[in-house]
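Here's a quick tour of a few spots in this model. Have the sequence and the 3D view open, and let's walk through them.

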Amino acid sequence: MAGREPSERATPKDAPRSAQRPRRRTLMKSLRRSGTRLAIGLLIWAQHAAAQQIDIPRVEMMPNRPSPFQMRNWKQVALGYDSLVFDLTRTGQYLPLIWTYSSGVNYPEHGSFGLHSYVGTKAPRSAEAINVLPAVIGASLVGVDKRDQGGYDWVLMCEEFFNR
């Protein structure tokens with residue numbers, strides 16, 4: 001290293017190990033930053049490329065709103081479903097669709113309920129959360145107070161479908 005001018009910089013090969021480490025860290029930081037920038041750029045480009053819509057001539061001939069068109073009243077459908085499913089006194093073939101337990105398995109301190117997974121099932125007391133929870137949530141979304149309906153707190157009773 002003798003004969004070197006003080007203004008010359010040492011290259012990584014001939015620099016002492018302690019001088020090489022900070023340069024490596026700086027290089028790694030620079031690579032991480034540029035890699036992050038590249039990844040963000042690719043994501044933005046991919047979103048832009050995916051957002052382009054292609055016109056299909058046959059589809060373009062179709063009306064935007066078919067005639068005659070009548071939007072279904074989904075609020076009324078949800079209210080009707082609620083009144084059918086949560087009616088413990090309904091009679092008929094396969095009715096009532098709901099039943100209650102005085103104490104649950106996971107939460108024995110309060111009651112629970114079940115809905116048949118499908119109408120006409122041969123398993124008399126089989127219930128699944130995928131059927132029970134949307135029924136309670138859907139009715140709540142259209143304004144039915146499931147915390148106090150017919151003397152039952154259906155929301156609390158849904159707790160049975162969460163394991164302790």
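A helix here is a DSSP run of H or I covering at least four residues, with numbering from the N terminus. Keep in mind that this is a predicted model.

By that rule, Gly-80 sits in helix α3. Its relative accessibility is 32%, so Gly-80 counts as partly exposed. If you look across from there, Ala-139 is 59 residues away in sequence, yet the two C-alpha atoms are 9.5 Å apart in space.

How does the span of α3 compare with what 1.5 Å a residue should give? Its 12 residues should span 16 Å, and the end C-alpha atoms are indeed 16 Å apart, so the two agree. At the N-terminal end, Asn-73 acts as the cap, using a side-chain oxygen to reach the backbone nitrogen of Lys-75.

Next up is Asn-131, which belongs to helix α4 (residues 129–141). Is Asn-131 buried or exposed? Buried: the cut-off is under 20%, and Asn-131 has a relative accessible area of 18%. Beyond its neighbours within four places in sequence, Asn-131 touches Tyr-81, Leu-115, His-116 and Ser-117. With His-116 there is also a polar link, from the Asn-131 side chain to the backbone oxygen.

Here are the two polar distances side by side:

| Side chain | Backbone atom | Distance |
|---|---|---|
| Asn-73 | nitrogen of Lys-75 | 3.3 Å |
| Asn-131 | oxygen of His-116 | 2.5 Å |

Finally, the surface: Ile-56, Val-59 and Met-62 make up a nonpolar patch of about 280 Å². Of these, Met-62 is found in the loop between α2 (57–60) and α3 (74–85).

Technical notes. Residues numbered from 1 in each chain as written. Predicted model: local features only at pLDDT ≥ 70, side-chain atom pairs only at ≥ 80, totals over all residues. Heavy atoms only, no water. Patch = residues over 30% accessible without salt bridge, like charges linked within 9 Å, V, L, I, M, F, W, Y side chains within 5 Å. Areas by Shrake-Rupley, 256 points an atom, 1.4 Å probe, with all protein chains shown as cover. Salt bridge = Lys/Arg side-chain N within 4 Å of Asp/Glu carboxyl O. Helix = DSSP H or I, 4+ residues; strand = E, 2+ residues; numbered from the N terminus. Buried < 20%, exposed > 50% of the residue type's maximum accessible area, 1.4 Å probe, protein only. Polar contact = N/O pair within 3.5 Å; in protein donor to acceptor, adjacent residues only side chain to side chain. Contact = heavy atoms within 4.5 Å. Expected span 1.5 Å × (residues − 1).
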